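Let's take a walk through a protein model together. Have the sequence and the 3D view ready, and follow along at your own pace.

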Amino acid sequence: MANSAESQKLVICGGRRLGGEVTLQGAKNSALPILAGAVLCNGECVLHNCPRLSDVDAACRILSCLGCKCSRSGNSVSINSSELVSFDVPGDLMKEMRSSIVFLGAIIGRMGRCKLSFPGGCELGPRPIDLHLAALRKMGVDIKEEHGFLDCRAEKGIQGAAISLTFPSVGATENIILAAVTAKGITEIHNAAREPEIIDLSEFLKKCGAKITGAGSGTIYIEGTAKLLSAEHEVIPDRIVAATYMCCAAITRGEIMLKKTNYRHISAIIPILEQIGCKVYLYDNDKLFLTARKDLKAPGTLRTMVYPGFPTDTQPMMMALASTLDGTTVFVETIFDNRFRHVSELLRLGAKISIEGSVAIVEGVKRLSAADVDSTDLRGGAALVTAALNADGVSKVSNLYHIDRGYADLEADLKALGADIKRI
Ligand code: UD1
């Protein structure tokens with residue numbers, strides 16, 4: 001959803017070698033389902049390390065509509081869900097954030113009823129929710145799909161069920177967990193998503209009294225409990241922001257110390273960066289230092305996969321970096337249909353990329369050249385910023401509302417690392 005960031009631009013004078021340290025923000029993709037999970041709790045939950053993002057603001061607006069009391073102090077958000085007044089999520093709030101579908105499992109779990117609009121498509125192409133709905137139907141939820149709305153009822157309560165996902169969808173796994181924690185009986189999720197954000201959501205719910213085992217593996221068991229209490233929780237570091245900053249450092253052949261990180265969550269990214277010629281060191285278990293040589297080499301073929309594989313969310317930034325490497329990199333996008341929208345903008349910055357279906361072939365060039373470009377989506381926007389840091393001259397990146405959905409401090413962090421960047 002466009003906001004004041006619609007008319008703002010990032011002005012980046014490329015070519016400065018980055019160096020220094022940054023502290024990672026909390027993970028957007030953990031904070032959002034946990035905020036939804038707070039709907040299930042009777043009392044006040046406090047979420048620490050909750051990043052200041054427009055998507056988090058949108059989630060808080062949904063919570064307020066339901067009757068929760070939300071407030072923020074620094075990076076901590078308090079949510080009091082003692083008295084809910086509505087099970088209806090207004091269409092404009094659903095549209096603001098596609099991942100608002102994760103509220104469905106939580107609202108139906110707490111209220112026995114939920115009305116919301118169909119999330120529809122987004123910048124990455126069609127975003128179906130068939131797996132979410134099939135699972136909830138199996139758990140006894142009656143779902144009517146009419147005029148773009150979903151009207152869901154489980155007035156006699158939700159029943160635990162054995163669910164096998166045909167694809168390990170992150171959002172579907174989260175929705176099933178949220179619906180199952182207060183359901184009657186036991187729910188099994190087979191072929192569950194194994195992303196770190198699933199573990200983080202489960203850890204939060206367990207602190208509130210939920211009984212969940214197996215989160216982070218392909219099979220999750222949830223034993224329903226009548227009521228969840230409240231808890232305090234610290235959101236895990238954002239692994240996609242970590243990968244973004246590593247790509248930014250590498251594209252300027254610079255170096256970076258990432259503080260408050262979890263190297264296990266980026267275990268698919270580190271070997272790629274090492275393969276191209278970067279050195280990566282771990283300190284004190286939560287700090288990563290990356291230093292890049294001048295003559296980095298293309299890594300060959302990178303295929304996006306579900307966790308713990310190469311994440312689709314890092315494909316755009318890695319493609320910006322690959323545009324400056326010696327040799328050819330082939331990207332195979334297997335998760336989303338429409339995840340090469342940044343390519344046309346990278347071409348304007350001098351990259352040499354051709355697309356054939358779900359494959360992008362990137363021929364490295366010596367240096368990118370500055371241009372005025374438009375962010376196409378959240379990570380696509382981050383890829384353009386990454387590319388502009390290398391480009392010869394002054395680039396302007398617009399449509400910043402995409403970037404503001406997921407990066408709390410992008411320009412401040414890059415400036416602290418020595419980039420010539422400002423928002424106008
Ligand atoms: C989450 C992340 C997103 C990331 C994605 C994949 C959040 C808020 N977003 O999105 O940043 O890119 O995981 O790692 O956590 N699918 C279906 N039917 C469904 C559900 C999904 O066909 O019911 C398909 C999707 O179209 C897509 C694939 O499954 O092709 C992956 O989607 P999913 O894992 O559900 O991603 P999200 O939870 O939407």
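Below we look at the ground rules, two sheets, a pair of helices, the ligand and two backbone oddities.

## Ground rules

This is a predicted model, so local features need pLDDT of at least 70 and side-chain atom pairs count only at pLDDT 80 or more, while totals for chains, interfaces and linings use all residues. Residues are numbered from 1 along each chain as its sequence is written, and side-chain values use heavy atoms, with hydrogens and water left out.

Helices (H or I, at least four residues) and strands (E, at least two) are DSSP runs, numbered from the N terminus. Two strands pair if DSSP finds at least two bridges between them. In general, strands of a sheet pair through backbone hydrogen bonds, either parallel or antiparallel.

## The sheet with β3

One open sheet has four strands in the order β4-β5-β3-β14, with mixed pairing. Its edge strands are β4 (69-73) and β14 (232-234), and each of them pairs on one side only. On average, neighbouring strands here are turned by 15° against each other, direction ignored. For angles like this, axes are lines fitted to C-alpha atoms (for helices over the stretch in contact), and the angles run from 0 to 180 degrees between N-to-C directions.

Zoom in on β4: five bridges join β4 to strand β5 (residues 76-80), and the two run antiparallel. Within that pairing, C70 has I79 in β5 as its bridge partner. Helices lie across this sheet too, where contact means heavy atoms within 4.5 Å. Helix α1 lies across β3, β5 and β14, at about 175° to β3, and helix α7 (residues 196-207) lies across β3 and β14, at about 160° to β14.

## The sheet with β15

Another open sheet, again with mixed pairing, has four strands in the order β2-β15-β17-β16. Strands β2 (21-23) and β16 (278-283) stand at the edges with a single partner strand each, so one side of each has no neighbour in the sheet. Neighbouring strands in this sheet are turned by 20° against each other on average, direction ignored.

Strands β15 (residues 255-259) and β17 (residues 287-292) pair in the antiparallel sense over four bridges. There you'll find L258 opposite L288 in β17. Helix α8 (residues 239-251) lies across β2, β15, β16 and β17, running at about 165° to β15.

## Two helices side by side

How do the axes of α1 and α2 cross? Helix α1 (residues 28-37) and helix α2 (residues 54-66) have axes that come within 10 Å and cross at roughly 0°. That makes α1 roughly parallel to α2 (angles under 35 degrees count as roughly parallel, over 145 as roughly antiparallel, 65 to 115 as roughly perpendicular and the rest as oblique).

In this contact, K28, A31, L32 and L35 in α1 meet D55, V56, A59 and L63 in α2.

## Around the ligand

There are 18 residues around the ligand, and D130, S169, G171, D313 and I335 come nearest (near means that a heavy atom of the residue lies within 4 Å). An N or O atom in the side chain of S169 is 2.6 Å from an oxygen atom of the ligand. For D313, a polar side-chain atom lies 2.5 Å from a ligand oxygen atom, and for G171 it is a polar backbone atom, at 2.8 Å from an oxygen atom of the ligand. (A polar contact is a pair of N or O atoms within 3.5 Å; within protein, one must be able to donate a hydrogen and the other to accept it, and residues adjacent in sequence count only if both atoms are side-chain atoms.)

## Two backbone oddities

Y307 and P308 are joined by a cis peptide bond, with omega about 10°. P308 sits in the loop between β18 (301-303) and α10 (315-322).

Now find N49, in the loop between β3 (44-48) and α2. N49 is not a glycine, yet it has a positive phi of about 60°.
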